[in-house]
Amino acid sequence: VSIADAGVKEVETARLAVDGVGDAFVAWSLLDDAGGATVFSRRRFWDGGAWTAADTVAPVGSQPEIAAVPSGDAIAVFTKMNDAGVVQAWAKWFRTGTWGEAVPIETPDAGRAFDPRVAVGPSGDAVIVVTWEDGMGSTAIWAKRYVADGGGWEGAVRLGDGLGAVTGPDVAMGTGGGAFAVWKQSNGLQ
């Protein structure tokens, strides 16, 4: 699928997810000539139809990730600046053919979020992990869980022991709703 448009400076990130019946979702961020970025998505149904027109997931955002639920829904995560000027990770569900409202992943009030990752289970539960830098060189991994059966979003929690620099998180979910997160951690010596 071609995701480039006329007047676009550069595709920053592109990610692909396939749901349980073979429908595909692609999410990407495009840098514009002014130095900003917008997150878009397209979908293609398993029966060989054409890709849908591009939907705007986040008019201002970057570093998208996407995961698909067997039911045909999807969730995208991305980073964008909040009203206070802090770069946060945000999540947005695609349900019944449309993108919902963005939900911020709570993190401390100073610093910036980067490297968001998302995983979904077959029931629609989701877990997001993100790297957080406090502005003074210290990093941490934060996670937030979505419970599909009426639980909604739970509060964000810090993962790990807080010793050393952490980067490169990833997350996966099993069929029972449990999640596993991994990341790189260095104490400065190894």
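Visitor: What makes β11 and β12 count as a pair?
Guide: In this predicted model, the two strands share 8 bridges and run antiparallel. Pairing takes at least two bridges, so with 8 of them β11 and β12 qualify. One of the matches puts Val130 opposite Trp142 in β12.

Visitor: What stands out in the hairpin of β11 and β12?
Guide: There are 5 residues between the strands, and Gly135 there takes a positive phi near 90°.

Visitor: Why is β12 also called paired with β13?
Guide: The cut-off is at least two bridges, and β12 and β13 have 2, so the antiparallel pair counts. Tyr146 stands opposite Trp153 in β13. Their hairpin has 4 residues between the strands, with Gly150 at a positive phi near 85°.

Visitor: How many bridges join β12 to β14?
Guide: The number is 3, again antiparallel, so that passes the cut-off of at least two as well. Ile141 has Leu159 in β14 as its bridge partner.

Visitor: How much of β12 is buried?
Guide: 7 of its 9 residues are, so the strand is mostly covered.

Visitor: Why do Asp125 and Arg145 count as a salt bridge?
Guide: Their closest N and O atoms are 3.7 Å apart. The limit is within 4 Å, so the pair makes it. Asp125 is in the loop between β10 and β11 and Arg145 is in β12, so this salt bridge ties parts 20 residues apart in sequence.

Visitor: Are Asp125 and Arg145 buried or partly exposed, and how do you know?
Guide: Buried means under 20% relative accessible area. Asp125 has 10%, so it is buried. Arg145 has 24%, so it misses that cut-off and is partly exposed.

Visitor: Which residues do salt bridges with shared partners join into one network?
Guide: That network consists of Arg15, Glu65, Asp115 and Arg117.

Visitor: How do you know that Arg112 and Glu133 form a salt bridge?
Guide: N to O is 3.0 Å, and the limit is 4 Å, so they fit. Arg112 is in β10 and Glu133 in β11, 21 residues apart, and the pair links distant parts of the chain. Arg112 has 38% relative accessibility and Glu133 has 23%. Partly exposed runs between 20% and 50%, so that label fits Arg112 and likewise Glu133.

Visitor: What about Arg43 and Asp23?
Guide: At 3.4 Å between the closest N and O atoms, they form a salt bridge too. Arg43 is in β3 and Asp23 in the loop between β1 and β2, so parts 20 residues apart in sequence are tied together. Both Arg43 and Asp23 are buried. A search of the whole structure gives 7 salt bridges.

Visitor: Why has Asp19 no salt bridge?
Guide: Its nearest side chain of opposite charge, Arg43, is 4.3 Å away. A salt bridge needs within 4 Å, so this pair falls outside the definition. Asp19 is buried all the same. Its side chain reaches the backbone nitrogen of Gly22 at 3.1 Å, and a polar contact allows 3.5 Å, so that one counts.

Visitor: What else is in contact with Asp19?
Guide: Beyond neighbours within four places in sequence, its contacts include Phe25, Ala68, Val69 and Pro70. Asp19 itself is in the loop between β1 and β2.

Visitor: How confident is the predictor in the protein?
Guide: Mean pLDDT is 86, with 93% of residues at 70 or more. Among the elements, β1 has the lowest mean, 88, and β5 the highest, 95.

Note on methods: Residues numbered from 1 in each chain as written. Predicted model: local features only at pLDDT ≥ 70, side-chain atom pairs only at ≥ 80, totals over all residues. Heavy atoms only, no water. Buried < 20%, exposed > 50% of the residue type's maximum accessible area, 1.4 Å probe, protein only. Lys, Arg positive; Asp, Glu negative; His and termini not counted. Polar contact = N/O pair within 3.5 Å; in protein donor to acceptor, adjacent residues only side chain to side chain. Contact = heavy atoms within 4.5 Å. pLDDT = per-residue confidence, 0-100.
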